[in-house]
Structure formats: C-alpha cells, structure tokens
Amino acid sequence: MADKEFYGHVIDGAEVESLDGARFDTVDPWTREAWAEVPLGGAADADRAVTAARRAFDEGPWPRMGFAERGRILHRLADLMEEHTDELALADTRDMGKPLVQARHDVARSALNFRFFADHARLATGEALPMDSGHHSYTRFEAAGVVAAIAPWNFPLMLETWKVAPALAWGNTVVLKPAEDTPVSATVLARLALEAGMPPGVLNVVHGYGPDSAGQALTEDPRVDRITFTGESGTGRVIARAAAANLTPVSLELGGKGANLVFADADLDNAVDWSIQAIFRNAGQVCLAGSRLYVQREIYDEFLARFTAAAEALVIGDPKDPTTEFGPLASLEHYTKVRGYVDTVGAEGGRMLTGGLGDGWVVKPTVLVDMPLGSRQVCEEIFGPVVVVQPFDTEAEAVRLANDTPYGLNAMLFTENLHRAHRVSAALTAGTVWVNCFFVRDLRAPFGGVGDSGVGREGGNFSREFFTEPKAVVMQI
Ligand code: NAD
C-alpha cells in the first residue's frame, strides 16, 4: 500500500503534530484499509488550541475588523472550497464511505454556509427600539469569544461548517474537533481558511477522541465561551454536565428517530421517492432519517411494494464510483452496532422484507415489518439503513405513534390535504416538520430538536443568539 497521507492539527496558523508525537489512522470503510494519519490530540493539544484561539480573540484583528472585511474573507474561503470540491468531497468519502456524488453536494452546501452566515451577520447586526417613554434602547450583538465546536462523522464537513461559519461570521474564534472517524476534511478546511486570509488562531483544528482526550478537554476548559456539539444524545448529556461546571452555554444537536407519515391521499410517487431518500441517503446515517415509516392502511400494500422495489433498485458499490448511490457503513464499530439490530429482527418478533448484510461493512437497504412497538428496532436510533414500516388507520393514531418517542428532531408527512398538512404539522412533537419533502433547508429557519434530540436552535437569528452576547444599551434622549 502507498504511504499514508498525513493531515495535522491546525493551531495558531500552523499545521502541527501532537506534542507527544502520537498519531492514529483513519480507515476507508470501502477498502477497510487505513488511508491517512492524523495526530492523536490530548488535553495538552486542546490546551494549545484554546490558548491560540483565546489570544486571537483577545488581541487579534478578527473580532475587530468589522463585518464587511470578515465577510470578504469568508466568501473567499467559500470560493476556495468550491475550487477544492474534489479534494474535500473525496476526504469525506474515503473517511466514512459516503457516495462521492453526495459528498460533492455536501461541499456545495458547506460553502453556502459560509456565504449565508457572512451575509446574515453583516445584515443582522443590531436592533433599535424606540420606547414610549422617549428613551431609545438598542441591541449590540457582540462576539461571545472562543467557541469549541465538536462534530460527528456522518456529514463531516457540512456539520462542521454549520457551526464554524456562524461562529466566525459573528467575530468569534474557534477550536474545531472533528469526529475521530472523519478528521481529514477539517484539516483541509483550516488550510483553505489560512489561504483565504484568515488570521492565525482564528480557526484551529485539533484531532482526537472524546472521553479522556481532546474532546473532553475542550468541554472542561474555562477559557471556552461556547460549546456547540452535534452527536449522540448520551454524549450530549456528558457534555452538558461538563459545561455546567463553568456555566458555559451549550448548544446540543442530538439523535433522532424520525417518523414519516404517509396518508392515503398522498401523491404516491412523491412519497415513495422522498421516503427512500429519508432512510437510505448516506446509508441511513442521518440524524433526520425517517426510520419509522407509518403508512395508512388503504395504501399500505401498494406503498410497501413500491417502496421495497425502490429500495432494492439502489445502486450499492464503491462510494468513489460516481454511479454509486449507497455505500458501506462508516466504520467497523458502527457496522457491528447496526448489524446487531438486523440480526435480532426475528428474535424481537418482526420480519425482514428485504435487505440484510452485504459485503464488507455494507448493510443493504433493509425494510422491516411486524416489529412490536416495544422492540429495539422501533424504539432505538439505529443510525443505519433500516426502516420499520407499520400501518395506521386514523390521523389521530398516526400522530400518537409519531410522538411516541423520547426523540423529537423531525418528522415528515405526505398528504394532498392542506388542512391535514397544517393540523398534523402542529400536532407533531418535532423541531422540523417536512410536508411532502425531506432534507430541504432554509438557513434562516430554526434547526434543532425537542426532548432527547437536543437543546437550543441554530440557523439565522438563532445562531446569532447563541454565538453572541446580546447587549442592551438604553439611552435617554
Ligand atoms: P458521538 O456522540 O459518538 O460523537 C460526536 C463527537 O463528540 C465526536 O467528535 C466525539 O469524539 C466527541 N465526543 C464523544 N464523547 C465526548 C466527550 N465526553 N466530550 C467531548 N467530546 C466527545 O456521535 P457520532 O457517533 O459521531 O454521531 C452520530 C450521532 O450524532 C447520532 O446520534 C446522530 O443522530 C447525531 N447527529 C445529530 C445531528 C443533529 O443535527 N441533531 C446531526 C448529525 C448527527
């Protein structure tokens, strides 16, 4: 095998090794071979990165240069990301097995995150409130300080930029810790940021694990002013506890078990297309996945036949092949977890209509029926290409089933009845409801979860509230 490529930490404008020289491999889940190496960061490396970010915030030009100048650099970074689409997309594809076509799409959305938040921050910088008393109150949205951004592996670059872009646009400095399974695109992003003219220490990347590693150290550092985390609900609880010790505000985007309701009056072609996307895109490794599919009984058999045929038609293969629609799971650890759900379908009392294990770390698009409501497959976040399908009779029953989960990230519903669309949207416990679609985002809209799916909202002004310290100035005129 060719020499492994090396991608370092990026701290204070330089690409560096860990202080103790330790490294770890990142594995391509299709070839199941290590393809790159990154430094294994520990508490001392996190400390270095926070020191750099702190200095860049307290003394450097970034928070002081103004929105237009920062925006120019962020747009330049977006330009460079677009120019480096292949490099960035291939990094995520090799790190976690995402089909290259989808990874390229993620790069485009990531560049857009920088463009959007650069412009949004410039246009949303203040509010003036003339008061009846004759006083004037105005609001300043001042940068919060040093932001620790901790990211998962399923949409590496896209979810990192969703945090980093608004944090930077509002004048903060950042320490980004990508997931250990998907480190490479973060280093490439930080290299491009320097090339775009971002001052040293403004965007730092430190690699490593969570517990007893760089991740935990970042959450415990009192010099960090905001923690933004996306990952599992259990990890979110650990991070919230760490943040509480320093009273550090924390934003938590956590797990999901999305319900997808297909009513008998739905446009079936549209419902089948989106329902397939909702559970099999990115091999189901999507927090927003429509992993519980409820179909009204009148159309249950027909829908299921079409849905199953579409699942079987997905092209499984090497994620680097542009015709591939469906790749392997991201790691051996994750494959083993998802396999545990597939292997126990019969024991839990259900039936597999199609799917099961493929070659290597592939779990094929898998459709389960007759699963008891209390089974692990119905209740737990599988985070893989496994959907449980169940019939329902009435709208009330559909809403009850959909809401019967501790999660509340999102839900989908398919109907041609406008009244039903609004009524059911209002009744669902979820941060986002998609009607007759899935995954469509407006960056101004709130994004976040209810219950075990998270704390707080990001997007547009919601990101502004989190990444700034709003200050009221009240003047007697
Ligand atoms: P994870 O919680 O295992 O890890 C996420 C990140 O946290 C990694 O960078 C990891 O190193 C770090 N980490 C782990 N323990 C830590 C600790 N004690 N202190 C600090 N950092 C720590 O999650 P994952 O397996 O990478 O991602 C999958 C999960 O993310 C799923 O549950 C999925 O639903 C969720 N997710 C949610 C959203 C959303 O927007 N709500 C989006 C994508 C993924």
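Guide: A DSSP run counts as a helix if its type is H or I and spans at least four residues, and as a strand if its type is E and spans at least two; both are numbered from the N terminus. Val363 is found in one such run, strand E16. The structure is a predicted model, in which local features need pLDDT of at least 70, side-chain atom pairs count only at pLDDT 80 or more, and totals for chains, interfaces and linings use all residues. Residues are numbered from 1 along each chain as its sequence is written.

Visitor: What makes Val363 a buried residue?

Guide: A residue is buried if 20 or more other C-beta atoms, placed from the backbone, lie within 10 Å of its own, exposed if 12 or fewer do, and partly exposed in between. Val363 has 24 such atoms and is therefore buried.

Visitor: Which residues are in contact with Val363, leaving aside its neighbours within four places in sequence?

Guide: Contact requires C-beta atoms, placed from the backbone, within 7 Å. Val363 has such contacts with Leu329, Tyr335, Val338, Arg339, Val342, Leu357, Gly358, Gly384 and Pro385. The C-alpha atoms of Val363 and Ala283 are separated by 8.2 Å, although these residues are 80 apart along the chain.

Visitor: Why is Gly384 called buried?

Guide: With 26 other C-beta atoms within 10 Å, Gly384 satisfies the criterion and so is buried. Gly384 is found in the loop between helix H12 (376–379) and strand E17 (386–392). Beyond four places in sequence, Gly384 touches Ala283, Gly284, Gln285, Leu329, Val338 and Val363.

Visitor: How do you know that strands E15 and E16 pair?

Guide: Two strands pair if DSSP finds at least two bridges between them. E15 (residues 351–357) and E16 (residues 363–369) run antiparallel and are joined by 5 bridges, so they count as a pair. Arg351 has Val369 as its bridge partner in E16. This hairpin has 5 residues between its strands, and Gly360 takes a positive phi near 55 degrees.

Visitor: What makes strand E6 hardly covered?

Guide: The count of buried residues among the 5 residues of E6 (residues 126–130) is 0. E6 nevertheless has a partner: 5 bridges join E6 to the antiparallel strand E7 (residues 135–143). Within that pairing, Leu129 is bridged to Ser137. The hairpin of E6 and E7 has 4 residues between them, and Gly134 in the turn has a positive phi of about 95 degrees.

Visitor: Why are E1 and E4 called edge strands?

Guide: The open sheet has 3 strands in the order E1-E5-E4, with mixed pairing. Strand E1 (5–6) and strand E4 (23–28) each pair on one side only. E1 pairs with strand E5 (residues 33–39) in the parallel sense over 2 bridges.

Visitor: Which residues come nearest to the ligand?

Guide: A residue is near the ligand if its C-beta atom, placed from the backbone, lies within 6 Å of it. Of the 31 residues around the ligand, Pro152, Gly210, Gly215, Gly231 and Thr235 come nearest. Helix H7 (214–220) and helix H8 (233–246) are the elements giving two or more residues to this shell.

Visitor: How confident is the predictor in the complex?

Guide: The complex receives an ipTM of 0.96 and a pTM of 0.97. For pLDDT, the predictor's confidence in each residue from 0 to 100, the chain mean is 97, and 100% of its residues reach 70 or more.

How values were computed
Contact = placed C-beta atoms within 7 Å.
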